[in-house]
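Reader: I am a first-year student, and I should be grateful for a close look at one part of this model. Could you please describe how its opening pair of helices is arranged, and then place that part in its surroundings?

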Amino acid sequence: MTPDMLADLHARTMRVPAPWSARDFSTLLLMPGVYLEGDATGIALGRTVADEAELLTLAVSPDVQRQGRGRRLLADFEATTRQRGAVILHLEVAADNAAARALYDSAGYEVSGRRPRYYRTPDGTRIDAILMRRTLAAG
């Protein structure tokens with residue numbers, strides 16, 4: 001997928017945090033350790049450093065949400081993460097994103113912290129970021 005396609009998908013799925021631009025994606029994809037899973041229906045983008053990884057974004061097209069696409073993307077991303085040598089996977093999610101939090105909870109992620117007032121909504125409201133992590137089982 002091109003950075004423009006990634007930015008379009010992100011814009012259709014994200015409110016908080018603010019959607020990333022094609023330039024944001026271009027910059028990220030050039031960084032060491034960054035990898036992408038998915039296709040036009042959904043993406044998971046992250047990076048590994050040593051034996052830890054971070055899920056930077058998970059976005060599923062609105063027309064296929066609630067059909068298990070996010071769960072499959074997360075599982076594929078975790079498998080790739082293990083292949084890259086990571087044993088701990090970190091992520092952050094907006095405190096008010098109930099669907100994403102339910103997905104991560106059901107996948108075995110545990111709350112590891114909170115960043116108060118971390119995200120800004122389009123109307124200027126501030127929302128906490130919930131930090132989560134999971135130890136990945138050997139593949």
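Author: The following account treats the first two helices, then the loop that joins them, and lastly another helix pair.

This is a predicted model, in which local features need pLDDT of at least 70 and side-chain atom pairs count only at pLDDT 80 or more, while totals for chains, interfaces and linings use all residues. Residues are numbered from 1 along each chain as its sequence is written, and side-chain values use heavy atoms, with hydrogens and water left out.

Helices (H or I, at least four residues) and strands (E, at least two) are DSSP runs, numbered from the N terminus. Helix α1 covers residues 3-13 and helix α2 covers residues 22-29; their axes are 8 Å apart and the two pack at an angle of about 120°. Axes here are lines fitted to C-alpha atoms, for helices over the stretch in contact, and angles run from 0 to 180 degrees between N-to-C directions. The angle therefore makes α1 oblique to α2. Under 35 degrees counts as roughly parallel, over 145 as roughly antiparallel, 65 to 115 as roughly perpendicular, and the rest as oblique. The crossing of α1 past α2 is right-handed; a crossing has this name if the near helix is turned clockwise from the far one by less than a right angle, and is left-handed if anticlockwise.

On the α1 side, the contact is made by Pro3, Asp4, Leu6, Ala7 and His10, and on the α2 side by Ala22, Phe25, Ser26 and Leu29. Contact means heavy atoms within 4.5 Å. Sorted by class, this contact has six nonpolar, two polar and one charged residues. Ala, Val, Leu, Ile, Met, Phe, Trp, Tyr, Cys and Pro count as nonpolar, Asp, Glu, Lys and Arg as charged, and the others, Gly among them, as polar.

Burial adds to this picture. A residue is buried under 20% relative accessible area, exposed over 50%, and partly exposed in between (1.4 Å probe, protein chains only). In α1, the buried residues are Leu6, Ala7, Leu9 and His10. Seen down the axis of α1, they fall within an arc of 165°, so they line one face of the helix. The arc is that of the directions from the helix axis to the C-beta atoms. The cover over these residues includes α2, β1, β2 and β3. In α2, Ala22, Phe25 and Leu28 are buried. Their arc about the axis of α2 is within 130°, so they too line one face. These residues of α2 pack against α1, β1 (34-39), β2 (42-49) and β3 (52-60).

The loop between α1 and α2 holds Arg15. Arg15 counts as partly exposed because its relative accessibility is 45%. Apart from neighbours within four places in sequence, Arg15 is in contact with Asp96, Thr121, Pro122 and Ile127. Of these, Pro122 is found in the loop between β5 (110-120) and β6 (126-135). Pro122 counts as exposed, at 67% relative accessibility. With the same neighbours left aside, Pro122 is in contact with Arg15 and Val16.

Another helix pair is formed by α3 and helix α4 (residues 98-106), whose axes come within 11 Å and cross at roughly 50°. This makes α3 oblique to α4, and their crossing is right-handed. Gly70, Arg71 and Leu74 in α3 meet Leu103, Tyr104 and Ser106 in α4.
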